[in-house]
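Colleague: I am new to this structure. Could you show me how to read its features, one at a time?

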Amino acid sequence: MKVFSIALNTFRENLRDKLLYNLLIFALLMIGSSLILMRLTLGEFHRLILDIGLGSINFFGVLIAIFVGIGLVSKEIERKTIYTIVSKPVARFQFLLGKYLGLCLTLFINTVIMTSGLLAVLYFQDVPIHTVLFKALGMIMLEFMVITAVALLFSTFSSATLSAIFTLAIYVIGHLTPDLKTFGQKMEGAGRTVLEGIYYILPNLDRFNLKGHVTHQLEVPAGDLLMITAYGMAYTAFLLMLASIIFQQRDFR
Amino acid sequence: MEHISNLACEQVIQTDQLRKVFKVGFWGRRVTAVDGVSLEVQRGEVFGFLGPNGAGKTTTIKMLMGLIYPSGGTATLFGHPVGDPSAKAKVGFLPESPYFYDYLTGREFLRFYGHLFGLLGTALDKRIDELLELVGITHARDLQLRKFSKGMLQRVGIAQALINDPELVILDEPMSGLDPIGRKEVRDLILRLKESGKTVMFSSHILHDAELLCDRVAMIMKGKLVACGPVSELIAGDTTHEVEMVIDRLLPEALERIRPLASKVVLQGERVMVVLSSQQAVDLALDVIRSAKAKLVALTPHKASLEDLFIRKATGVHQPVEARV
Ligand SMILES: Nc1ncnc2c1ncn2[C@@H]1O[C@H](COP(=O)(O)OP(=O)(O)OP(=O)(O)O)[C@@H](O)[C@H]1O
Ligand SMILES: [Mg+2]
């Protein structure tokens, strides 16, 4: 109940963020731009529209997750609004969880809006819609949840600017982790250990990327989907736990 | 532990050698904001926490509310360590110059805090209406907080502190930002809370308010407690029986006869102000005035007040004070 109230309040606060609307409008413009694309060869054309659409949803969603996420906690501390909340019978982890779920709700609704835009474009351009598209969207949402947790974790102990830099870095490296591993295997000694360590610690964000399956209309086995979901959930839980532990220790001053 | 906390003279707040050291700046310079504060607040009393700016009042209160952790010592609320949810459920807190979610209306704002205590539905709505009435901002219940004046924010802040009908209310400078009427209303509110059996602790540097309201006060300066006890006792221990005289047309030679008796002499043109610190000195001075045919304009006994104590203690620790704002 408490967590839910905080989540709802966070959601309302997010709705007042101009950044959110700017990013959303950009995303819809990007997706909509496919409407004026020249018809190329049929297969290519479908692939391009899906690629642009999913890419835009992913890119702008991640930007929202990062740039709204980093302010979730730091703004409350800066504005001292946290004083009145933490002094109520609300555990600090409940506060964090509420903030987190609130932004996830915002992201979910954004994704629904962006997806509606994409579906409209697909409809007008006569692109067939396969179920794998929705699976891919689900995985994109899962990636948002992981990124939001990363942003939240950093914002519990560093400033908004640093959190943004760290989270962006993790996002970029997270998509390169398979390369890190192959690169590491070519190296010897310490370099190899470090790169492999990074590979196992950082989130492997590329796993959530099913765009290739969508554009090539390949099915994703249910078992794979389950594995990816479990991985995303477990990773998120780990990040939130870490954030709670750090948040529990800190002074609000 | 449990049976102790049920005794008649129950300690609602208890701190023992509470300390807080802040590290500031790039080099982590240490600042001791609170230095070994031990105090007790009993059930049902109004307790004033006084001290000049930067004395450590807010820091102490933040430790009591679990917002920052002590560097040393312990603090309990209702016998529970601070930060314990069962203790927090019985406490209401108004932070210093509070900031709130300014996009909420007065009612939405209070509803949100009600939810944090698990209050719901019509019972909560009723409580909200009562509180808005109590703090006198019923007219603003559907106005967004960002359109509130400073005093209205302070009032809605007090309302949020009372949403759970707390047994203990901790207010950090509840009168700041309020006009004289608002201050009187807050004073009345505190007295009403006391009447209904609540315990109130508030910080202030408005000594007059503390004198009117408090059963007991503690004075903190530079992080250390310098005085603690019932107002009357603190003042009694400080009596100097000073008398201030204002005299007109006092000839210079008469003034020279008074000067040795006075602890302070101020000349303002034709007028002379002298401060005398014993009854004997007053009698002698009056004789001089009469015989010199000077005119006694005013004779004011200096009532010992918290302010005297405050200023004496403050000058003792060499710290600038801001008394009676
Ligand atoms: N977050 C902080 N970091 C570093 N030093 C701090 C911090 N907060 C307070 N201090 C220092 O601790 C001391 C006590 O500050 P505090 O805010 O508790 O005073 P106060 O008694 O509430 O004063 P005021 O009447 O002005 O509100 C001051 O010297 C202040 O500089
Ligand atoms: Mg203060």
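Colleague: By class, how many nonpolar, polar and charged residues does the lining of the second largest pocket have?

Modeller: This is a predicted model, so side-chain atom pairs count only at pLDDT 80 or more. Reading a lining starts with sorting its residues by class. Here the second largest pocket has seven nonpolar, six polar and seven charged residues in its lining.

Colleague: Which residues lie nearest the centre of the second largest pocket?

Modeller: Thr58(B), Thr59(B), Lys62(B), Glu96(B) and Asp172(B) do, out of 20 lining residues. Helix α1 of chain B, residues 57-64, gives the largest share of that lining, five residues. The volume of this second largest pocket is about 290 Å³.

Colleague: What volume does the largest pocket have?

Modeller: About 410 Å³. It is lined by 22 residues, and those closest to its centre are Glu13(A), Lys75(A), Arg79(A), Asp102(B) and Tyr103(B). Look next at which elements supply the lining. In chain A, α1, α3 (42-69) and α4 each give two or more residues. The most come from α4(A), with four.

Colleague: How does the lining of the largest pocket divide by class?

Modeller: Into nine nonpolar, four polar and nine charged residues.

Colleague: Two of the central residues there were Glu13(A) and Arg79(A). What do Arg79(A) and Glu13(A) form?

Modeller: A salt bridge. To read one, check the gap between a side-chain nitrogen and a carboxyl oxygen; the cut-off is 4 Å. For Arg79(A) and Glu13(A), the closest N and O atoms are 3.6 Å apart. The pair links distant parts of the chain, 66 residues apart. Arg79(A) sits in the loop between α4 (71-78) and α5 (81-86) of chain A, while Glu13(A) is in helix α1 of chain A.

Colleague: Is Glu13(A) buried or exposed?

Modeller: Compare its relative accessibility with the cut-off for buried, under 20%. Glu13(A) counts as buried because its relative accessibility is 16%. Its partner Arg79(A) has a relative accessible area of 37%, so Arg79(A) is partly exposed.

Colleague: Where do Asp215(B) and Lys194(B) lie in chain B?

Modeller: Start with the contact itself. The side chains of Asp215(B) and Lys194(B) meet in a salt bridge, 2.8 Å from N to O. Asp215(B) is in the loop between α7 (207-213) and β9 (216-221) of chain B, and Lys194(B) is in helix α6 of chain B, residues 180-195, so the pair ties together parts 21 residues apart in sequence. For exposure, Asp215(B) is partly exposed, with a relative accessible area of 29%. Lys194(B) also counts as partly exposed, at 29% relative accessibility.

Colleague: What separates Arg290(B) and Asp287(B) in helix α10 of chain B?

Modeller: About one helical turn, because they are three residues apart in that helix, residues 279-291. Their side chains meet in a salt bridge, 3.7 Å from N to O. Arg290(B) is exposed, with a relative accessible area of 59%. Asp287(B) counts as partly exposed, at 43% relative accessibility. Salt bridges can also share partners: Glu13(A), Glu76(A), Arg79(A) and Lys99(A) are joined into one network that way.

Colleague: How many salt bridges does the count come to over all chains?

Modeller: The count comes to 24.

Colleague: Which residues form the nonpolar patch on the surface?

Modeller: Read a patch as a group, then ask where its members come from. This one includes Met1(A), Phe4(A), Leu8(A), Phe108(A) and Leu120(B), and the whole patch has about 850 Å² of accessible area together. In chain A, α1 (2-15) and α6 (92-124) each supply at least two residues. The most come from α6(A), with five. Met1(A) lies in the segment before α1 of chain A. Met1(A) counts as partly exposed, at 49% relative accessibility.

Colleague: Last, how many cavities of 30 Å³ or more does the structure hold?

Modeller: One. About 30 Å³ of space lies in the largest cavity. Read its lining as you did for the pockets. Leu50(A), Pro128(A), Ile129(A), His130(A), Val132(A), Leu133(A) and Val214(A) line it. By class, six are nonpolar, one is polar and none is charged.

Conventions
Residues are numbered from 1 along each chain as its sequence is written. Chains are lettered from A and ligands numbered from 1 in the order in which they are written. This is a predicted model: local features need pLDDT of at least 70, side-chain atom pairs count only at pLDDT 80 or more; totals for chains, interfaces and linings use all residues. Side-chain values use heavy atoms; hydrogens and water are left out. On a 1 Å grid over the protein atoms alone, a cavity is a set of points where a 1.4 Å probe fits but cannot get out, and a pocket is an open set with protein on both sides within 12 Å along at least five of seven lines; lining residues have an atom within 4 Å of a point. Grid points are joined across faces, edges and corners, and a volume is the space filled by probe spheres set on the points. Ala, Val, Leu, Ile, Met, Phe, Trp, Tyr, Cys and Pro count as nonpolar, Asp, Glu, Lys and Arg as charged, and the others, Gly among them, as polar. Patches are made of residues with over 30% relative accessible area and no salt bridge: like charges are joined within 9 Å, nonpolar side chains (Val, Leu, Ile, Met, Phe, Trp, Tyr) within 5 Å. Accessible areas come from the Shrake-Rupley method with a 1.4 Å probe; for residues, only the protein chains shown count as cover. Buried means under 20% relative accessible area, exposed over 50%, partly exposed in between (1.4 Å probe, protein chains only).
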